[in-house]
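Dear colleague,

I am handing over the structure below, with some notes on what was found in it. Please read them with the model open beside you.

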Amino acid sequence: MNVSSILSSLTLHSDPNSPIYPFKTFAYDASKAALNAFTIHLAYELRDSKIKVNSAHPGWVKTEMGGPNATMEVSEGGKTSAQLATLADDGPSGGFFHLGQPLPW
Ligand SMILES: NC(=O)c1ccc[n+]([C@@H]2O[C@H](COP(=O)([O-])OP(=O)(O)OC[C@H]3O[C@@H](n4cnc5c(N)ncnc54)[C@H](OP(=O)(O)O)[C@@H]3O)[C@@H](O)[C@H]2O)c1
């Protein structure tokens with residue numbers, strides 16, 4: 001499980017109607033997009049094993065980075081990571097998720 005961010009999404013960054021459209025923090029966004037590429041490539045390499053590889057968007061969480069105006073408490077911010085770390089044998093691999101919902105790359 002790789003801790004990514006919705007700010008990695010090229011699809012949402014290129015959509016003027018997306019809520020993240022104005023948040024162009026290039027170094028951060030590009031590093032998370034690269035992490036997502038690693039997720040896809042590692043999932044491919046491990047496709048014949050029991051190991052699943054996915055990217056997580058924790059949400060906007062009240063941490064030092066997220067700041068006090070974030071919408072999620074720290075206890076909630078761990079949920080997506082915990083879900084992806086405890087997937088069933090038939091769970092997904094090579095995807096990008098927030099609270100069980102797929103996000104666009
Ligand atoms: N908070 C959000 O809203 C949000 C949203 C989307 C994604 N994320 C992702 O969630 C993850 C956790 O973020 P967070 O909100 O918990 O951030 P945070 O409160 O700023 O904590 C970042 C953590 O990373 C450690 N760190 C920073 N630079 C490091 C380095 N060079 N080597 C080793 N450790 C380093 C810090 O250690 P020290 O305490 O020792 O400095 C700190 O423990 C990150 O990957 C972030 O991109 C967060």
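Is Pro-16 buried or exposed? Pro-16 has 6 C-beta neighbours inside 10 Å, so it counts as exposed; the cut-off for that class is 12 or fewer. Pro-16 sits in the loop that links α1 to α2 (26–45). From Pro-16 to Leu-87 the C-alpha distance is 34 Å, with their positions 71 residues apart in sequence. Please keep in mind throughout that this is a predicted model.

Overall layout

The protein contains 4 helices and 4 strands. Read from the N terminus, the order of these elements is β-α-α-β-α-α-β-β. The C-alpha trace extends over about 40 × 30 × 20 Å along its principal axes. For 105 residues, a compact globule would be expected to have a radius of gyration near 13 Å, and the 14 Å of the protein agrees with that. Of the 105 residues, 18% count as buried. If one takes the contacts between residues at least 6 apart in sequence, 53% of them join residues at least 24 apart.

The sheet

The 4 strands form an open sheet in the order β1-β2-β3-β4, and the pairing is mixed. β1 (2–3) and β4 (101–102) are the edge strands; each has a single partner strand, so one side of each has no neighbour in the sheet. In general, strands of a sheet pair through backbone hydrogen bonds, either parallel or antiparallel. β1 and β2 (residues 55–56) run parallel and are joined by 2 bridges. Within this pair, Asn-2 is opposite Ser-55 of β2.

A buried loop residue

Ile-6 belongs to the loop between β1 and α1 (10–13). Ile-6 counts as buried because 21 C-beta neighbours lie inside 10 Å, and the class begins at 20. Leaving aside residues up to four places away in sequence, Ile-6 touches Leu-12, Ile-20, His-57 and Leu-103. Phe-97 is 91 residues from Ile-6 along the chain, yet their C-alpha atoms are separated by 9.2 Å.

Around the ligand

Which residues surround the ligand? They are Val-3, Ser-5, His-57, Pro-58, Trp-60, Val-61, Thr-63, Glu-64, Met-65, Gly-66 and Ala-70. Sorted by class, this shell has 6 nonpolar, 4 polar and 1 charged residues. His-57 is thus named twice in these notes, as a residue around the ligand and as a contact of Ile-6.

Two further loop residues

Leu-99 lies between β3 (96–98) and β4, in the loop that joins them. The phi of Leu-99 is positive, at about 45°, although this residue is not a glycine. Most residues other than glycine have a negative phi. Leu-99 has 13 C-beta neighbours inside 10 Å and therefore counts as partly exposed.

Gly-78 is in the loop between α3 (74–77) and α4 (79–85). Gly-78 also counts as partly exposed, because it has 16 C-beta neighbours inside 10 Å. Between Gly-78 and Met-1 the C-alpha distance is 12 Å, and the two are 77 residues apart in sequence.

Regards

Conventions: Residues numbered from 1 in each chain as written. Predicted model: local features only at pLDDT ≥ 70, side-chain atom pairs only at ≥ 80, totals over all residues. Pairing = 2+ DSSP bridges. Contact = placed C-beta atoms within 7 Å. Near = placed C-beta within 6 Å. Nonpolar A, V, L, I, M, F, W, Y, C, P; charged D, E, K, R; others polar. Rg over C-alpha atoms; globule rule 2.2 N^0.38 Å.
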